[in-house]
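Please explain how this structure is arranged, beginning with the empty space inside it and moving on to the place where its chains meet. A formal account in running paragraphs would be welcome.

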Amino acid sequence: AEAEELRARLRAVRHTVLVLSGKGGVGKSTFSALLAHGLAADETKQVALLDIDICGPSIPKMMGLEGEQVHQSGSGWSPVYVEENFGVMSVGFLLSSPDDAVIWRGPKKNGLIKQFLRDVDWGEVDYLIVDTPPGTSDEHLSIVQYLSATHIDGAVIVTTPQEVSLQDVRKEINFCRKVKLPIIGVVENMSGFVCPKCKNESQIFPPTTGGAEKMCQNLNVSLLGKVPLDPQIGKSCDRGQSFLAEAPESPATLSYRNIIQRIQEYCEQNHFQEEKIM
Amino acid sequence: TLAERANLAGVRHILLVLSGKGGVGKSTISTELALALRSAGKRVGILDVDLCGPSIPRMLRVQDSAVHQCDSGWVPVFVGQDKAIALMSIGFLLERPDDAVVWRGPKKNALIKQFVTDVAWGELDFLIVDTPPGTSDEHISTVEALRPYQLLGAVLVTTPQ
């Protein structure tokens, strides 16, 4: 009966993309936010961004929605809308103060995630983007389990170039394979820094073991793209603005846009194959 | 139990390295802190309770080490230039380093409890406990398991943004 409820709620969602890492601080939330912004730029598309990082919900701040509250209606919880076609949900909206720590064990976290999926009235959605916390634990198992009621197009895995990150990301790739979650591809963030003054390129996080490129070759997954470090990214996030809109000329913006397009193509093609089969 | 109490009885100070945020440098700081304290002549141990992403073994170049048990519990791996820093990490228990530890809370809690009380640390001046990001099972269980002992305090790590 519960599975039926979830299926019903998620029936109107056309594409679902999970943003994962394994490693913390590599730019999952940043990427999720920008992916959602990028997709929502097409006003004919309905985009939903779900933040299931219960301990460290970054999405409200990155979207400029801090302090917003969730409203309940007859049809369920209402997401917080950034634009008419772009809704957001996060545990951050349920906290009375942004500094409140959510110190919950696994089962309670799972309960909230289920509630998000079951009780949020998303309406018709073209793209549901799910931002996750680092690790391979309750949240990840639960979201894959609950979303099996609908269809997950795949996971985008975010990393940075250094081995300490790749180490955790390989585990995440194995997690995806274990739970039969298709991998759309890997994004390598913080991949080089071009000084705005002297235009010299430095590797702030040197890819001592070949970076995401080598890892993707070895594990037979797609490298969707590399995004260079740009201090403007962090600033835009802190201020709740879209980096893509604030710095349209940045090499990082170009990278992000290419990656977003590849993800869109993957999803559309996927859908087409499915329709053919049906 | 007597054995449990004994394993941490010889540890003078226990320090937790926390953040909340991932990727800010907790494991890096834990490692550097341990090395610096060792340089200053202290007896040091590191406990890596990041079950999903154990970074410390690689940082100390012992990612291929295995651990075994003795009568009083797990024997830590000895690292550092003079092999005098005692390290215990879930990383050592994985058959293959790319294996994901995909466990729910209760299983993680059981392992952490074991880690905290079942490692034969011996006499240490400092035990540094490296944690994963967040405020969840690992953190609750670690603090609960350490409460009867000499918990010095927490060092919190962040980045500027």
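Helix 2 of chain A, which spans residues 28-40, contributes 4 residues to the lining of the largest cavity, the most of any element. The model under discussion is a predicted one. Rolling a probe the size of a water molecule over the atoms reveals where empty space remains. When the whole structure is searched, 1 cavity of 30 Å³ or more is found. The space within the largest cavity amounts to about 50 Å³. Its walls are formed by Thr30(A), Ala33(A), Leu34(A), His37(A), Met62(A), Met63(A), Cys237(A), Gln241(A) and Ser242(A). Sorted by class, this lining comprises 5 nonpolar and 4 polar residues, with no charged residues.

The pockets offer a second kind of space to consider. The second largest pocket holds about 290 Å³. It is lined by 17 residues, and those closest to its centre are Gln167(A), Gln63(B), Asp64(B), Gly91(B) and Pro97(B). Two elements each give two or more residues to this lining, namely helix 6 (163-178) of chain A and helix 3 (56-59) of chain B. Helix 6 of chain A supplies the largest share, with 4 residues. In terms of class, the lining of the second largest pocket has 8 charged residues, alongside 5 nonpolar and 4 polar ones.

The contact between the chains comes next. Chain A brings 29 residues to this contact and chain B brings 30 residues. Together the two chains bury about 2400 Å², of which 49% is on carbon and sulfur atoms. On the side of chain B, 26% of the area buried against chain A is supplied by Asp98(B), Val102(B) and Arg104(B), more than by any other three residues.

Polar and charged groups also meet across this interface. Between chain B and chain A there are 20 residue pairs in polar contact, counting pairs with both residues at pLDDT 80 or more. Three helices of chain B each give two or more residues to the side that touches chain A: helix 3, helix 4 (105-118) and helix 5 (137-146). Helix 5 of chain B gives the most, with 4 residues. The residues on this side of chain B divide into 11 nonpolar, 11 polar and 8 charged.

Which kinds of charged pairing link the chains? The count between chain B and chain A is 4 salt bridges, while the structure holds 17 salt bridges over all chains. One salt bridge joins Asp137(B) to Arg105(A), with the closest N and O atoms 3.5 Å apart. This pair crosses between chains: Asp137(B) belongs to helix 5 of chain B, whereas Arg105(A) sits in the loop between strand 6 (86-90) and helix 4 (106-119) of chain A. Another salt bridge brings together the side chains of Glu163(A) and Arg58(B), at 3.8 Å from N to O.

Methods:
Residues are numbered from 1 along each chain as its sequence is written. Chains are lettered from A and ligands numbered from 1 in the order in which they are written. This is a predicted model: local features need pLDDT of at least 70, side-chain atom pairs count only at pLDDT 80 or more; totals for chains, interfaces and linings use all residues. Side-chain values use heavy atoms; hydrogens and water are left out. On a 1 Å grid over the protein atoms alone, a cavity is a set of points where a 1.4 Å probe fits but cannot get out, and a pocket is an open set with protein on both sides within 12 Å along at least five of seven lines; lining residues have an atom within 4 Å of a point. Grid points are joined across faces, edges and corners, and a volume is the space filled by probe spheres set on the points. Ala, Val, Leu, Ile, Met, Phe, Trp, Tyr, Cys and Pro count as nonpolar, Asp, Glu, Lys and Arg as charged, and the others, Gly among them, as polar. Contact means heavy atoms within 4.5 Å. Buried area is the accessible area (1.4 Å probe) that two parts lose on being put together, summed over both. A polar contact is a pair of N or O atoms within 3.5 Å; within protein, one must be able to donate a hydrogen and the other to accept it, and residues adjacent in sequence count only if both atoms are side-chain atoms.
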